[in-house]
There are 2 protein chains.
Amino acid sequence: MNKPVTPKYMVVHGEILKRLKSNHYSVGTRLPSEESLAGTFKVSRVTIRKSLEMLVDAGYLASRQGSGYHVNCLSPQRETCLASFTDAVLRKGRVPGAKLIGIDVPHPDPPEDISDVFDAPVARIHRLRTVDGEPELLVSTWVPTDLVAGLAPDAFPEFGPDQSILRILSDRFNLAWSRACETVHPCAAPNDVAEHLGIAPGTPILSVACTAYDDTDLPVFHDQVFRATPIVFNLSRSARKTDPI
Amino acid sequence: MNKPVTPKYMVVHGEILKRLKSNHYSVGTRLPSEESLAGTFKVSRVTIRKSLEMLVDAGYLASRQGSGYHVNCLSPQRETCLASFTDAVLRKGRVPGAKLIGIDVPHPDPPEDISDVFDAPVARIHRLRTVDGEPELLVSTWVPTDLVAGLAPDAFPEFGPDQSILRILSDRFNLAWSRACETVHPCAAPNDVAEHLGIAPGTPILSVACTAYDDTDLPVFHDQVFRATPIVFNLSRSARKTDPI
DNA sequence: CAAGATGATTAGTAGATACAGATTGATTAT
DNA sequence: ATAATCAATCTGTATCTACTAATCATCTTG
């Protein structure tokens with residue numbers, strides 16, 4: 001029964017983030033000073049600084065010496081496969097959807113690039129992700145079968161915040177990753193993909209492949225996404241904190 | 001003449017990074033302990049920790065409680081337009097090249113998506129970047145003419161480390177950016193692009209557009225890249241330090 | 001010889017303190 | 001009214017201290 005003690009700065013970070021998201025501190029306004037927040041949360045200035053620094057790194061806040069911490073935005077994420085598509089869509093005020101096309105446990109004949117990554121038998125979850133009902137991404141998620149015992153269609157709701165594959169894998173199957181490699185390829189839409197996405201076959205689209213690994217460098221899951229829409233990244237100062245070009 | 005004082009942790013960070021790159025500490029080995037490094041650099045443990053933390057965030061080092069700091073790698077960058085292509089190629093042990101196709105100061109008729117971004121007249125630098133002599137990227141860089149007074153072909157060497165556009169813009173023209181937005185589009189290779197890249201017209205390729213802004217949110221330069229090869233990202237733990245999905 | 005206990009080493013967390021440097025707003029002088 | 005000055009406020013940097021928790025090599029014991 002060794003309870004994992006959450007560090008204070010994590011608790012405070014979570015609390016402030018919750019306040020940001022619930023508009024307790026709204027965009028454009030100034031946060032109370034470090035000193036004041038330290039008093040509020042009953043921690044030292046060092047601790048509150050660590051929490052705030054994390055929020056600055058993540059893009060939520062901006063700090064100016066002599067002025068204070070200002071609320072930047074509430075959606076600082078980059079759009080990669082590992083940033084939750086569900087969350088990204090929700091943040092834009094649109095409605096995300098997930099149509100389950102099929103589940104194969106195990107998949108009888110995984111393509112070579114998949115069997116190259118995983119030694120064990122793998123399951124495939126095949127879904128069409130939508131925005132306001134319009135098809136956006138065609139996603140194949142591959143996971144070793146022994147990591148997702150009891151995988152069934154009911155784990156994949158078509159609507160609501162629980163359709164995020166990352167949340168499903170982490171919450172229901174206790175699956176954690178710590179490192180990932182993502183590649184973006186150009187390709188011509190194959191017939192079946194084009195049909196799902198509602199575009200003409202042969203149209204240039206993006207194929208995004210992503211493999212995630214755990215602490216021991218074992219592959220945990222592989223995501224393969226087809227999308228006709230561009231990927232957008234917002235790079236900030238913090239992205240080049242070290243090794244400036 | 002107020003000299004900008006560099007904080008100690010920055011100085012130490014730079015020094016350690018230099019040692020890493022010069023193989024003073026080689027990949028796989030362990031760094032001296034925090035205590036020891038603090039002694040070496042004549043700073044407190046808190047300060048040395050800040051420097052090391054930056055290197056961990058950047059991906060150079062990994063820290064394990066009770067064990068120490070281990071040298072991870074020497075090339076932790078993500079491959080975006082804002083990560084220097086020159087550096088990325090050099091790190092792989094290949095030879096980067098840059099063939100200058102043309103410079104227009106100012107460009108007589110910039111396309112709409114460019115004039116939408118910049119109010120002022122803009123210059124265009126048009127280059128073909130190569131790896132081991134093979135064409136890799138077709139790049140158009142757009143910059144307001146008043147930011148690059150005296151722009152001439154001799155600023156763009158075909159070989160060597162000084163072909164990086166980012167280095168050229170920052171070193172020779174004192175041009176600094178602090179924020180950028182990058183988008184990755186799929187497209188079919190237009191005839192002229194295909195010819196430069198040595199591929200068939202109509203082949204699906206990537207079009208990467210990137211606009212960089214300075215502190216005051218004024219656009220500083222715009223990069224437009226065509227590439228037939230995939231983009232690779234390496235994501236690490238630190239990329240989801242906050243707001244885990 | 002092998003398994004387990006032990007102690008030294010090392011990073012992680014947390015606090016108090018001090019001063020420097022930037023910003024802001026109020027006060028004062030012109 | 002406007003400008004200059006000053007003081008209060010707030011973040012940035014830096015040090016010292018103390019304790020916790022994970023790791024690793026060594027020693028002990030069965």
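Which elements of chain A and chain B each supply at least two residues of the surface near DNA strand D? In this predicted model, with pLDDT of at least 70 needed for local features and 80 or more for side-chain atom pairs while totals for chains, interfaces and linings use all residues, side-chain values use heavy atoms, without hydrogens and water. Residues are numbered from 1 along each chain as its sequence is written, and chains are lettered from A and ligands numbered from 1 in the order in which they are written.

The elements are α3, β1 (61–64) and β2 (68–71) of chain A, together with α1 (8–21) and α3 of chain B; helices (H or I, at least four residues) and strands (E, at least two) are DSSP runs numbered from the N terminus. The largest share, three residues, comes from α3(B). DNA strand D is surrounded by 22 residues, the closest being Glu34(A), Arg45(A), Lys8(B), Tyr9(B) and Thr47(B), where near denotes a heavy atom within 4 Å. Of the strand D atoms within 4 Å of the protein, 70% belong to sugar or phosphate and the rest to bases. Phosphate oxygens of strand D lie 2.9 Å from a polar side-chain atom of Arg49(A), 3.3 Å from a side-chain N or O atom of Tyr69(A) and 3.1 Å from a polar backbone atom of Ser44(B).

For DNA strand C, 23 residues are found around the strand, and Lys8(A), Tyr9(A), Thr47(A), Glu34(B) and Arg45(B) come nearest. The largest share of this surface, four residues, is supplied by α3(A). By class, the surface has five nonpolar, 10 polar and eight charged residues (nonpolar: Ala, Val, Leu, Ile, Met, Phe, Trp, Tyr, Cys and Pro; charged: Asp, Glu, Lys and Arg; polar: the others, Gly among them). Side-chain N or O atoms are placed 2.6 Å from a phosphate oxygen of strand C in Tyr9(A), 3.0 Å in Ser44(A) and 2.8 Å in Arg49(B).

Within chain B, helix α2 (residues 34–41) and helix α3 (residues 45–58) pack at an angle of about 105°, with axes 9 Å apart. Axes are lines fitted to C-alpha atoms, for helices over the stretch in contact, and angles run from 0 to 180 degrees between N-to-C directions. The two helices α2(B) and α3(B) are therefore roughly perpendicular to each other (65 to 115 degrees; under 35 is roughly parallel, over 145 roughly antiparallel, the rest oblique). Contact (heavy atoms within 4.5 Å) is made by residues including Glu34(B) and Phe41(B) of α2(B) and Arg45(B) and Arg49(B) of α3(B).

Notes
A polar contact is a pair of N or O atoms within 3.5 Å; within protein, one must be able to donate a hydrogen and the other to accept it, and residues adjacent in sequence count only if both atoms are side-chain atoms.
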